[in-house]
Amino acid sequence: MMFREERLGLIRRNWIWVLVIILAVAVFAAFRLSRKTEAEYFTAKVEKGDIRQVIEATGTINPVTSVQVGSQVSGMVYKLYVDFNSKVTKGQVIAEIDPNLFQGAVLQAEADLKNAQALLAAAKANLTKDQATLNQNKLDYDRAVSLAQQGVVSQQQLDQAKATYDAISAQAGSDRAAIQQAEAQIAQRTASLRVAQTNLDYTIIRAPINGTVVNRSIDIGQTVAASLQAPTLFTIALDLTKMQVYAKTDEGDVGQIRPGHSAEFQVDAFPKEVFHGVVRQVRMNATTVQNVVTYDTIVDFDNPDLKLFPGMTAYISIPVASANDVTKIPNAALRYKPELPPDALQELYRKNSIVVSPPAQTSRNAEVRPEQPGGGPAERPIPSSSGNGGSDTAIVWKILADKSLQPVRIHVGLTDHAYTALTSGDLKPGDELVTGATTAKKDTNGPGPTGPRI
């Protein structure tokens, strides 16, 4: 009997615990249901100020003119007269290649020329001798003809005199041809001597311009092979006080850049200094890397203190348009769109006399930005500007005193990627625009926990 009573008491206690748990769950559910959802908005004010549309790019600093000095002959580097950063003048000897082989070629060419000249002299002497013999044989032949007419000499003697005269005439012609051949050999030997002398002269490397040696790629004792192409021995920059930045600009920006635009840039070597230059040209030669097309924008700048070196990376900014003392809309407000049902959204548009068509929501030229914390969809576009005073339309959401939202259609112009200029619309400085929102649960009997809606 006692065991039975203990068992009933245990069952009773278990049922009590079950009822307590059910009651706690009911209280918690009632507490959750008693809370209602409300949105917490992030806002930014419409401001008054200036806007500069700036194109950002990265480039490399280069001399205006740089010349790669090579060698037209092969051989061992014999002497060096300059090093890195050496100042040189046009015509100055900067290196020599071992000249021994080329000097030997010059001596051989000179000997060949003298031999050809001697052959010419011998040919002329032979012609002189044969010409004298020819004259004598001519007289003998004429005399034989006269005597044959008088019957003094026989026909055989006349024929012999004529044959001797013809042989000497042919020999004189051969002498003249030998002279022409000797003269041609002299011209050939003269050209060979000139080539050999030129190659010897090329063993002396001279600076082609006034400037600074920015690169030296050879050392004494190194062999230079110029059989296929001229190797680069030195790189000489013309004037390092006048330099350029080769900026890689995106294909979407080059249409706004014009020669004469001012430019600013910084380098890692002097992070606190800003250097100034002027756009010289946008080169039409495109560069494609991983389907990204860029063009070289050339920016001229002065470097009087020689602080900037060739090859430095420059972070350049090119202002292409500006607007002063305009009403500015924060770009985050242009991205925001409330997460409302389509019917409710259209009702708000209709209430505020706004007609929205699908193309207006997703312009082909719109600039898409990532979603801000608590903001609307990531696809919400920022209306783009042509940069030449043109404008585009957008819809922003103004928060009223009663925390309700009012859509406002506006026209915008220039943008600096943080603010966009307002060209027309029912907004004024100080108005608060919604840039993002979170949703939270609020208890009807008191404040409850809040948190962002994912």
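## A greasy patch on the first helix

Let's start at the surface: I16, W17 and V20 together make a nonpolar patch of about 330 Å². I16 belongs to helix α1, which covers residues 2–33. With a relative accessible area of 47%, I16 is partly exposed. Keep in mind as you look around that this is a predicted model.

## The long helix α2

Helix α2 takes in residues 100–150, which makes 51 residues. From its first C-alpha to its last it reaches 75 Å, close to the 75 Å expected at 1.5 Å a residue.

Which residues of α2 are buried? They are F102, V106, A109, L113, A116, L120, A123, L127, D130, L134, N137 and A144. So what do these buried residues of α2 pack against? Their partner is α3, residues 155–202. Just after α2 comes G151, and its phi is positive, near 80°.

## A four-stranded open sheet

Now for a sheet. Four strands line up in the order β3-β10-β8-β5, with antiparallel pairing, and the sheet is open. The edges are taken by β3 (66–70) and β5 (87–88); each has a single partner strand, so one side of each is left without a neighbour in the sheet.

Take a look at the β5 edge. Strand β5 is joined by two bridges to β8 (residues 211–216), and the two run antiparallel. If you want a spot to find this pairing on the model, go to K87, which stands opposite T212 in β8.

## Salt bridges between β11 and β14

How many salt bridges does a search of the whole structure find? The search turns up seven. One of them pairs D302 with K242, with 2.9 Å between the closest N and O atoms. This pair links distant parts of the chain, since D302 sits in strand β14 (residues 292–302) and K242 in strand β11 (residues 242–250), 60 residues apart. K242 itself counts as partly exposed, at 43% relative accessibility.

The side chains of K248 and D296 also meet in a salt bridge, at 3.0 Å from N to O. K248 lies in strand β11 and D296 in strand β14, so this pair ties together parts that are 48 residues apart in sequence. Are the two partners buried or exposed? K248 is partly exposed, with a relative accessible area of 36%, while D296 is buried, with a relative accessible area of 15%. The cut-off for buried is under 20%, so D296 falls on the buried side at 15%.

## A pair within helix α5

Another salt bridge sits inside a helix. R350 bonds this way with E347, and their closest N and O atoms are 2.8 Å apart. Both residues lie in helix α5 (residues 342–351), three residues apart, which is about one turn of the helix.

R350 counts as exposed at 54% relative accessibility. Its partner E347 is partly exposed, with a relative accessible area of 43%. The line between those two classes is drawn at 50%, so R350 ends up as exposed at 54%, and E347 as partly exposed at 43%.

## A small charge network

Finally, there is a case that involves three residues: D83, R216 and D219 are linked in a network of salt bridges. R216 is a good one to click on, as strand β8 spans residues 211–216.

Note on methods. Residues numbered from 1 in each chain as written. Predicted model: local features only at pLDDT ≥ 70, side-chain atom pairs only at ≥ 80, totals over all residues. Heavy atoms only, no water. Patch = residues over 30% accessible without salt bridge, like charges linked within 9 Å, V, L, I, M, F, W, Y side chains within 5 Å. Areas by Shrake-Rupley, 256 points an atom, 1.4 Å probe, with all protein chains shown as cover. Salt bridge = Lys/Arg side-chain N within 4 Å of Asp/Glu carboxyl O. Buried < 20%, exposed > 50% of the residue type's maximum accessible area, 1.4 Å probe, protein only. Pairing = 2+ DSSP bridges. Expected span 1.5 Å × (residues − 1). Contact = heavy atoms within 4.5 Å.
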